[in-house]
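User: I'd like a close look at one part of this structure, the sheet and whatever sits against it. Could you walk me through how the strands are arranged and what packs on them?

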Amino acid sequence: GVAMAKSKFEYVRNFETDDTCLKNCYIVVRLDGRNFHKFSEQHGFLKPNDKRALGLMARSAESVMDNMEDVCVAYGQSDEFSFVFKRSTNLFKRRASKLMTHVTSQFSSSFVFYWAEYFTEQPLLYPPSFDGRVVLYPSNRNLRDYLSWRQADCHINNLYNTVFWALVQKGGLSTSQAEERLRGTVAGDKNEMLFSEFNINYNSEPQQYRKGTTLIWNMAEEVVTKKVKPANENEKEVHVTRTRRKIAAHHCDIIGEQFWEEHSGVLES
Ligand code: ATP
Ligand code: ATP
Ligand code: MG
Ligand code: MG
Ligand code: MG
Ligand code: MG
């Protein structure tokens with residue numbers, strides 16, 4: 001560009017602090033909806049799990065992955081999503097605030113942009129917002145433990161919410177009575193309550209609710225038709241196979257080894 005004369009004000013630039021993420025670490029950006037307890041009530045989310053909301057969250061996360069190179073895996077549940085940048089990324093020179101704000105604003109604008117595709121009958125009543133944070137993980141073990149932590153959180157909350165809303169919707173309890181019934185119970189008690197009182201086998205509940213959503217890149221082969229015109233010949237059509245990156249959604253366990261063995265290219269060794 002054009003070399004510009006520096007103004008006497010220019011020195012204030014040096015007040016910016018360096019927030020470069022440590023080299024060789026996975027960079028995780030996690031975002032979470034602000035006040036979604038209230039937002040979900042005001043927008044008539046079905047309890048305990050609104051499929052439209054989960055679909056919209058995943059769609060917004062895909063938009064982030066499409067626009068932010070180097071996200072190798074993303075995991076979401078409830079009103080949160082985590083994006084993992086590969087350890088070698090140099091996107092935005094690894095500046096934490098740039099990465100975090102781009103992820104969070106791309107996600108937020110997509111959430112609004114795609115709202116009506118998922119909530120066909122429910123207007124968006126006000127602009128929602130999401131907070132963001134950055135955490136660095138130096139090893140594959142730490143990174144996998146991070147993702148396991150989020151999936152375990154999904155399980156604990158979903159088991160609680162499933163019994164809670166069964167007590168309210170099917171058992172006729174008030175929300176405070178349901179809370180009271182659940183105080184001090186452990187996972188086994190909750191499973192038992194669901195089964196004996198409501199004939200619900202927790203393990204038969206949809207995987208999407210129990211396991212959350214994991215997004216990874218897939219190499220998809222695609223056959224495209226191209227018109228070519230060789231010299232001294234008529235134009236003809238040829239078929240070319242191209243590999244394209246496509247996002248694949250999984251609703252499976254990511255705590256154990258199986259997922260990572262089946263998708264061994266996702267994390268660098
Ligand atoms: P904060 O601003 O501190 O994050 P919050 O109200 O968003 O507060 P969270 O702990 O993030 O609290 O919980 C999100 C809440 O949003 C859940 O407890 C649940 O009530 C609601 N929620 C999020 N996603 C869904 C969904 N798909 N279906 C039903 N309810 C949902
Ligand atoms: P980066 O992603 O690095 O920020 P950028 O293309 O957004 O790249 P900026 O330095 O932020 O670059 O400059 C914003 C550009 O957007 C301006 O140079 C100008 O071309 C355009 N722009 C922004 N606001 C207006 C406006 N109100 N009217 C016309 N052009 C605008
Ligand atoms: Mg919170
Ligand atoms: Mg929240
Ligand atoms: Mg949350
Ligand atoms: Mg700009």
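Analyst: Let's start with one pair of residues: Asp32 has Asp131 of β4 as its bridge partner. Keep in mind that this is a predicted model, and that every feature below is read from it. That Asp pair belongs to the pairing of β1 with β4, an antiparallel one with eight bridges.

On to β3, which is also joined to β1. Strand β1 covers residues 26-33 and runs antiparallel to β3, with six bridges joining them. You can follow the register residue by residue: Val28 is partnered with Val84, Val29 with Phe83, and Leu31 stands opposite Phe81.

How buried is β1? Seven of its eight residues are buried, so the strand is largely enclosed by the rest of the structure. Strand β3 (residues 80-85) gets similar treatment: five of its six residues are buried, so β3 too is largely enclosed.

β3 also pairs with β2 (residues 71-77), again antiparallel and again over six bridges. Here Gly76 stands opposite Phe81, the residue of β3 that Leu31 also faces. The hairpin of β2 and β3 has two residues between the strands, and Ser78 takes a positive phi there, near 50 degrees.

Now put those pairings together. The sheet is open, has six strands in the order β4-β1-β3-β2-β5-β6, and pairs antiparallel. At the edges stand β4 (130-137) and β6 (236-250), and each has a single partner strand, so one side of each lacks a neighbour in the sheet. Going from one strand to the next, the twist averages 20 degrees.

What packs on the sheet? Helix α3 does, touching β1, β3 and β4, and its direction makes about 140 degrees with that of β4. Helix α5 (residues 140-169) is placed across β1, β2, β3 and β4, running at about 20 degrees to β2.

Helix α3 (residues 96-113) has another partner in α2 (residues 51-67): their axes come within 8 Å and cross at roughly 135 degrees. That angle makes α2 oblique to α3, and the crossing is right-handed. On the α2 side, the contact uses Leu56, Arg59, Ser60, Ala61, Ser63, Val64 and Asn67, while α3 brings Val103, Gln106, Phe107, Ser110 and Phe111. Sorted by class, that contact of α2 with α3 comes to six nonpolar, five polar and one charged residues.

Phe111 gives us a way back towards β4, through Pro128. This proline is found in the loop between α4 (115-118) and β4. Setting aside neighbours within four places in sequence, Pro128 is in contact with Gly33, Phe39 and Phe111. So Phe111 takes part in the α2–α3 contact and in the contacts of Pro128. Is Pro128 buried or exposed? Its C-beta has 17 neighbours inside 10 Å, so Pro128 counts as partly exposed. For a sense of distance, its C-alpha is separated by 32 Å from that of Leu267, 139 residues apart along the chain.

Methods:
Residues are numbered from 1 along each chain as its sequence is written. Chains are lettered from A and ligands numbered from 1 in the order in which they are written. This is a predicted model: local features need pLDDT of at least 70, side-chain atom pairs count only at pLDDT 80 or more; totals for chains, interfaces and linings use all residues. Axes are lines fitted to C-alpha atoms, for helices over the stretch in contact, and angles run from 0 to 180 degrees between N-to-C directions. Helices (H or I, at least four residues) and strands (E, at least two) are DSSP runs, numbered from the N terminus. Angles under 35 degrees count as roughly parallel, over 145 as roughly antiparallel, 65 to 115 as roughly perpendicular and the rest as oblique. A crossing is left-handed if the near helix is turned anticlockwise from the far one by less than a right angle, and right-handed if clockwise. Two residues are in contact if their C-beta atoms, placed from the backbone, lie within 7 Å. Ala, Val, Leu, Ile, Met, Phe, Trp, Tyr, Cys and Pro count as nonpolar, Asp, Glu, Lys and Arg as charged, and the others, Gly among them, as polar. A residue is buried if 20 or more other C-beta atoms lie within 10 Å of its own, exposed if 12 or fewer, and partly exposed in between; C-beta atoms are placed from the backbone. Two strands pair if DSSP finds at least two bridges between them.
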